Amino acid sequence: MYVPAPPAPQAVGFGPVGIDSAALDAALPREGSLNPSASTAATRLSIRRRTLDVLEWHPVVVAGALRARRAVAGLAGRMVTLQTFRHSGWSTVAIARTRSNGAFRLRLIPRRIGSERLRVRFAGEQYLLGTTRELGRLNVYRTVEASWYGGGGALACGGSLTSATMGVASRTLPCGTLVTLRLNGRSVRVPVVDRGPFVAGREFDLTEATKQALGFGDTGALWSTS
């Protein structure tokens, strides 16, 4: 007998960074769903580990614990979510359940480069009020070849080049595009201010000030979010 297969569920979109995570619950608790009373406890999120600068397809890990301001019956099994900010709202990209001591570990695999704000959220459950903890900016990079240039003169995106100008030259990115660059533990977030480099295989020309901020040499590889 022929039995038609049920329709496949729609994929969950995770925003510009693009994240591979465990399936999310169909309905997450909403802030404001609790009726605070004398029996409810305020909570906080403590973070002991976070990786905010990674190459694409390398894991991002956030570990910490959910804490209650006073003793409660138990902290096991509480839902904690990892969220990124896109456009005008927060989007859930990974979930975890707490252990008996409130500890949790969130993990995701970024599939596209980009830079987004990141936070951990506990929406609130029975006897516990919700809370959030902002973590900073998640930067997902790729490796690019770069060089630098100095001197003076007019910039293609407007203004004049000086030794204090922070920015990069790019052949294709629109003027004003913010690019996060990272090298040996140093990071800068600078705009596209000029056109170049015009050498095969190189994607950015760093201004002198950007070169110095990163500790960059004459040419070489660095990480970029664009």
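Biologist: Is Tyr141 buried or exposed?

Modeller: Keep in mind that this is a predicted model. Relative accessibility of Tyr141 comes out at 0%, and anything under 20% counts as buried. Tyr141 is therefore buried.

Biologist: Thanks! How many aromatic pairs does the structure hold, and what is the geometry of the one formed by Phe85 and Trp90?

Modeller: Happy to help: the structure holds two aromatic pairs. In the one formed by Phe85 and Trp90, the centres lie 5.2 Å apart and the planes make an angle of 70 degrees. Planes over 60 degrees apart count as edge-to-face, so the Phe85 and Trp90 pair is edge-to-face.

Biologist: And which strands are linked by the pair of Tyr141 and Trp223?

Modeller: Tyr141 and Trp223 form a tilted pair, 5.5 Å centre to centre with 45 degrees between the planes. These two residues are 82 residues apart and link distant parts of the chain. Tyr141 belongs to strand E9 and Trp223 to strand E14.

Biologist: Back to Phe85: how far from the centre of its ring is the charged end of Arg117?

Modeller: Phe85 is partly exposed, at 24% relative accessible area. The charged end of Arg117 sits over the Phe85 ring. Its distance from the ring centre is 4.7 Å.

Biologist: Lovely. Which residue in E8 is the bridge partner of Thr84?

Modeller: Strand E8 covers residues 114-122, and eight of its nine residues are buried. E8 pairs with strand E5 (residues 79-86) in the antiparallel sense, over four bridges. Within E8, the bridge partner of Thr84 is Leu118.

Technical notes. Residues numbered from 1 in each chain as written. Predicted model: local features only at pLDDT ≥ 70, side-chain atom pairs only at ≥ 80, totals over all residues. Heavy atoms only, no water. Phe/Tyr/Trp six-rings, centres within 6.5 Å; stacked < 30°, edge-to-face > 60°. Buried < 20%, exposed > 50% of the residue type's maximum accessible area, 1.4 Å probe, protein only. Lys NZ or Arg CZ within 6 Å of the ring centre and 35° of its normal. Pairing = 2+ DSSP bridges.
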